[in-house]
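Here is a short briefing on how the strands and helices of this protein fit together. Please keep the structure open while you read.

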Amino acid sequence: MMQSRMLGMEEGNDQASVIRANISRTLPLRLLLFCLLFGVMAVGMSIICMYSVRFFVFQQAGTVTPSSLNPRFDETETIERWIRPSSNLWHSISDKELLWRASFVPKIHEYPFMRVPKIAFMFLTKGPLPLALLWDKFFKGNERYFSTYVHALPSYVGGYPSSSAFHGRQIPSQMVEWGKMSMCEAERRLLANALLDISNEWFILLSESCIPLYNFSITYHYISRSKYSFMESYDDPGPYGRGRYDSRMEPEVKLSQWRKGSQWFEVNRMLAVNIIEDTKYYPKFKEFCQPACYVDEHYFTTMLTLQVPHLLANRTLTWTDWSRGGAHPATFGKDDMTEAFFQRILEGHECLYNDEPSTVCFLFARKFAPSALDPLLGLASKVFVF
């Protein structure tokens with residue numbers, strides 16, 4: 001009886017062990033199947049979500065205009081914005097902002113468009129241009145090769161006809177005082193506005209009393225083929241040269257580096273940027289070159305001689321008569337306008353052009369009174385050939 005119980009208990013124990021063994025084998029299998037099923041469901045949900053997102057994105061993109069999808073890669077609009085200057089020169093940006101913007105220089109020298117280099121004719125005036133009709137005759141038919149800029153007193157509003165090269169070409173200006181830094185600031189303002197047109201390659205400063213001495217074709221070829229910029233620069237040891245120097249300009253400018261030259265210049269684009277971006281010499285000249293130191297005769301010519309002397313022709317292209325003495329050159333009126341008068345201006349000069357001797361030394365002349373306009377127009381075709 002006892003043995004049968006013991007046998008029963010052993011058999012029961014064996015069955016329990018079998019059941020536990022079976023359960024232990026079944027649980028990992030179920031867990032594995034569950035994990036596998038969960039993984040399959042997760043992958044399926046991911047695929048569904050991915051396609052759902054793509055569907056909704058494309059559906060939404062279908063309602064967006066092409067220009068708003070990629071506004072920065074409209075090549076025509078973008079390149080035009082950079083290379084085509086505004087027809088309206090008037091703006092409200094400050095001088096500081098203007099000089100900063102104008103100082104932008106492309107690092108890639110090959111232009112991605114057909115660039116026609118132009119001459120920027122910059123007129124520094126008090127008010128109107130009394131000789132505008134002569135200049136319009138000079139410019140006619142060459143619109144692709146030039147641009148004009150006029151800096152007049154702020155109170156003056158130009159009234160040039162729409163056919164004139166000066167129509168709408170007046171820039172925002174400030175008051176200018178003769179012989180003071182405001183004169184150079186006006187010149188930098190002209191340069192900065194002209195630099196905004198990427199096609200302007202050469203920059204000529206003129207006054208309302210200046211006239212051209214040759215036709216546009218000769219003028220363009222003379223300037224465009226020159227290896228040098230025409231900034232007059234020389235060392236004047238007398239009272240009107242070194243005598244104007246202030247030792248407080250050291251160490252930026254030493255006495256031996258002090259230069260003098262004509263206010264009326266022609267510079268290429270690189271030198272124009274040098275002038276408008278300057279912050280090293282400007283404070284010194286503004287503080288220590290005041291009348292009887294006339295800063296427009298010293299600032300740019302000294303600075304460029306220090307920076308790039310090898311790029312300067314050391315002469316001006318504008319003829320001026322100082323033979324009568326005084327603080328201002330001679331002014332010529334109606335009675336002076338003869339062929340013999342201009343023969344004296346055009347002949348009898350010698351200079352260097354691209355390091356070779358030349359008798360063509362001046363392309364412009366001053367000072368001419370308003371009364372000279374009519375006889376100048378009459379002489380234009382014969383004397384100036386335009």
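The points below cover two sheets, a helix packed on one of them, and a buried threonine.

This is a predicted model. One open sheet has four strands, in the order 2-1-3-5. Another open sheet has three strands, in the order 4-9-6.

**Four-stranded sheet**
- Pairing in the sheet ordered 2-1-3-5 is mixed.
- Strand 2 (146-151) and strand 5 (266-268) are the edges; each has a single partner strand, so one side of each lacks a neighbour in the sheet.
- Neighbouring strands of this sheet are turned by 20° against each other on average, direction ignored.
- Strand 1 (residues 118-124) runs parallel to strand 2, and six bridges join the pair.
- M122 has Y149 in strand 2 as its bridge partner.

**Helix on the sheet**
- Helix 5 (residues 132-139) packs on this sheet and touches strand 1, strand 2 and strand 3 (200-207).
- The direction of helix 5 makes about 180° with that of strand 1.

**Three-stranded sheet**
- The sheet ordered 4-9-6 also has mixed pairing.
- Its edges are strand 4 (211-212) and strand 6 (318-320); each has a single partner strand, so one side of each is left without a neighbour in the sheet.
- Strand 6 pairs with strand 9 (residues 364-366) in the parallel sense, over three bridges.
- T318 stands opposite F364 in strand 9.

**Around T219**
- T219 lies in helix 7 (residues 216-224).
- T219 counts as buried because its relative accessible area is 0%, and the cut-off for buried is under 20%.
- Leaving out residues up to four places away in sequence, T219 touches F138, Y214, L363 and F364.

Notes
Residues are numbered from 1 along each chain as its sequence is written. This is a predicted model: local features need pLDDT of at least 70, side-chain atom pairs count only at pLDDT 80 or more; totals for chains, interfaces and linings use all residues. Side-chain values use heavy atoms; hydrogens and water are left out. Two strands pair if DSSP finds at least two bridges between them. Helices (H or I, at least four residues) and strands (E, at least two) are DSSP runs, numbered from the N terminus. Buried means under 20% relative accessible area, exposed over 50%, partly exposed in between (1.4 Å probe, protein chains only). Contact means heavy atoms within 4.5 Å. Axes are lines fitted to C-alpha atoms, for helices over the stretch in contact, and angles run from 0 to 180 degrees between N-to-C directions.
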